[in-house]
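Subject: Structure handover

Dear colleague,

Here is the structure I said I would pass on. My notes follow below it.

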Amino acid sequence: DVHIGSENVNAYMKKYVWRRRRDGNHIINIGKTWEKLMLAAKIIVAIENPEDVVAVSGTQVGQRAVYKFSQNTGASYIASRYTPGCFTNQIQKQFLEPRLLIVTDPYVDH
């Protein structure tokens, strides 16, 4: 059941959809998803210091995921709404300058 998506698909998601079922649900293309996961894994592994990686989730759905990711990898995480300028304003106490930024939902976390 992991490969079954939702009824709603936008233009960015279409390339990851294999087909649409009769009930309207879209089926995710596991091959393309696996390729992207392997690419992401290679990029994450290429960062020597795990503290240079920050995982961000502005939604409740992704908060546990970024927390678990940071526990297992030693990366930093922001699991709630973060202060604007925390990646650009060097004066802030919470200033972070990651080499890699991982977001769970680009619509919310941008």
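The chain exposes about 8,500 Å², and carbon and sulfur atoms supply 55% of that area. Please keep in mind that this is a predicted model.

Overall fold and dimensions

The chain contains 3 helices and 5 strands. Read from the N terminus, the order of elements is β-β-α-β-α-β-β-α. The radius of gyration is 16 Å, whereas a compact globule of 110 residues would have one near 13 Å. The C-alpha trace spans about 55 × 25 × 20 Å along its principal axes.

Of the 110 residues in the chain, 17% are buried. Taking contacts between residues at least 6 apart in sequence, 38% join residues that are at least 24 apart.

As for charge, there are 14 positive and 10 negative side chains. The centres of these two sets lie 7 Å apart.

Individual residues

I looked at three positions, two serines and a lysine.

Serine 57 sits in the loop that runs between β3 (53-56) and α2 (60-73). Is serine 57 buried or exposed? Its relative accessible area is 0%, so serine 57 counts as buried, the cut-off being under 20%. A polar atom of the serine 57 side chain lies 3.0 Å from the backbone oxygen of threonine 59.

Serine 70 belongs to helix α2. Serine 70 has 9% relative accessibility and is therefore also classed as buried, again because that value is under 20%. Which residues does serine 70 contact, once its neighbours within four places in sequence are left aside? They are Ala75, Ser76 and Tyr77. Of these contacts, Ser76 falls within β4 (76-78), and so does Tyr77.

Lysine 93 is in the loop between β4 (76-78) and β5 (100-103). With a relative accessible area of 86%, lysine 93 is exposed, because the cut-off for that class is over 50%. Between lysine 93 and serine 57 there are two separations to note: 36 residues in sequence, and 20 Å in space from C-alpha to C-alpha.

To recap the three positions:

- Serine 57: loop between β3 and α2, buried at 0%.
- Serine 70: helix α2, buried at 9%.
- Lysine 93: loop between β4 and β5, exposed at 86%.

That is what I have on this chain.

Regards

Note on methods:
Residues are numbered from 1 along each chain as its sequence is written. This is a predicted model: local features need pLDDT of at least 70, side-chain atom pairs count only at pLDDT 80 or more; totals for chains, interfaces and linings use all residues. Side-chain values use heavy atoms; hydrogens and water are left out. Helices (H or I, at least four residues) and strands (E, at least two) are DSSP runs, numbered from the N terminus. The radius of gyration is taken over C-alpha atoms; the globule rule is 2.2 Å times the number of residues to the power 0.38. Buried means under 20% relative accessible area, exposed over 50%, partly exposed in between (1.4 Å probe, protein chains only). Contact means heavy atoms within 4.5 Å. Accessible areas come from the Shrake-Rupley method with a 1.4 Å probe; for residues, only the protein chains shown count as cover. Lys and Arg count as positive and Asp and Glu as negative; His and the chain ends are not counted. The place of a charge is taken as NZ of Lys, CZ of Arg, CG of Asp or CD of Glu. A polar contact is a pair of N or O atoms within 3.5 Å; within protein, one must be able to donate a hydrogen and the other to accept it, and residues adjacent in sequence count only if both atoms are side-chain atoms.
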